[in-house]
Amino acid sequence: MPFEAMDPVRKFSWHKDSHGFAGWYYSSTMRDHVGYESWLERDPLIPLDRDPDVVAIASQPF
């Protein structure tokens, strides 16, 4: 089974008053949004999404 099709082990969520910068990144590779829980997770998404060798991107946690 492809990793991007796996069910998460916990829900992806964030809270309005949290200290993180969670959100959704639209991935051209996936043709869908990929969730991130911090900018540390978001920043690598951009070059990965532009890399032609990358065939899938999944939001953690899984």
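**Note on side-chain contacts in a predicted model**

1. D43 has a relative accessible area of 41% and is therefore classed as partly exposed. The coordinates come from a predicted model, and the values in this note should be read accordingly.

2. The side chain of D43 meets that of R42 in a salt bridge, with an N to O distance of 2.8 Å. R42 has a relative accessible area of 24%, so this residue is also partly exposed, the class being bounded by 20% and 50%. One salt bridge is present in the structure. As general background, side chains of opposite charge can pair when their charged atoms come close.

3. A search of the whole structure returns one aromatic pair. The partners are F21 and W39, whose rings are stacked, with 4.2 Å from centre to centre and 20° between the planes. The pair connects distant parts of the chain: F21 belongs to the segment before β1 (23-27), W39 belongs to helix α1 (residues 39-50), and the two are 18 residues apart. The assignment as stacked follows because the angle is under 30 degrees.

4. How exposed are the two partners of this pair, F21 and W39? F21 has 45% relative accessibility and therefore counts as partly exposed. For W39 the relative accessible area is 42%, which places this residue in the partly exposed class as well.

5. G20 also lies in the segment before β1. The C-alpha atoms of G20 and W39 are separated by 7.9 Å, although the two residues are 19 places apart along the chain. G20 is partly exposed, at 38% relative accessible area.

6. Which residues make up the largest nonpolar core? This core has five members: Y25, V34, Y36, L45 and I57. Because membership of such a core requires burial, each of these residues has a relative accessible area under 20%.

7. Y25, one of the core residues, touches D32, H33, V34, Y36, L45, I46 and D49 when residues up to four places away in sequence are not counted. Among these contacts, V34, Y36 and L45 are themselves members of the core.

8. On the surface, M1, F3 and M6 form a nonpolar patch with about 360 Å² of accessible area together. F3 is located in the segment before β1. With 39% relative accessibility, F3 is counted as partly exposed; patch membership requires over 30%, so F3 meets that cut-off.

How values were computed
Residues are numbered from 1 along each chain as its sequence is written. This is a predicted model: local features need pLDDT of at least 70, side-chain atom pairs count only at pLDDT 80 or more; totals for chains, interfaces and linings use all residues. Side-chain values use heavy atoms; hydrogens and water are left out. A nonpolar core is a set of buried Ala, Val, Leu, Ile, Met, Phe, Trp, Tyr and Cys residues joined through side-chain atoms within 4.5 Å. Buried means under 20% relative accessible area, exposed over 50%, partly exposed in between (1.4 Å probe, protein chains only). Contact means heavy atoms within 4.5 Å. Rings of Phe, Tyr and Trp (its six-membered ring) pair if their centres lie within 6.5 Å; planes under 30 degrees apart count as stacked, over 60 as edge-to-face and the rest as tilted. Helices (H or I, at least four residues) and strands (E, at least two) are DSSP runs, numbered from the N terminus. A salt bridge is a side-chain nitrogen of Lys or Arg within 4 Å of a carboxyl oxygen of Asp or Glu. Patches are made of residues with over 30% relative accessible area and no salt bridge: like charges are joined within 9 Å, nonpolar side chains (Val, Leu, Ile, Met, Phe, Trp, Tyr) within 5 Å. Accessible areas come from the Shrake-Rupley method with a 1.4 Å probe; for residues, only the protein chains shown count as cover.
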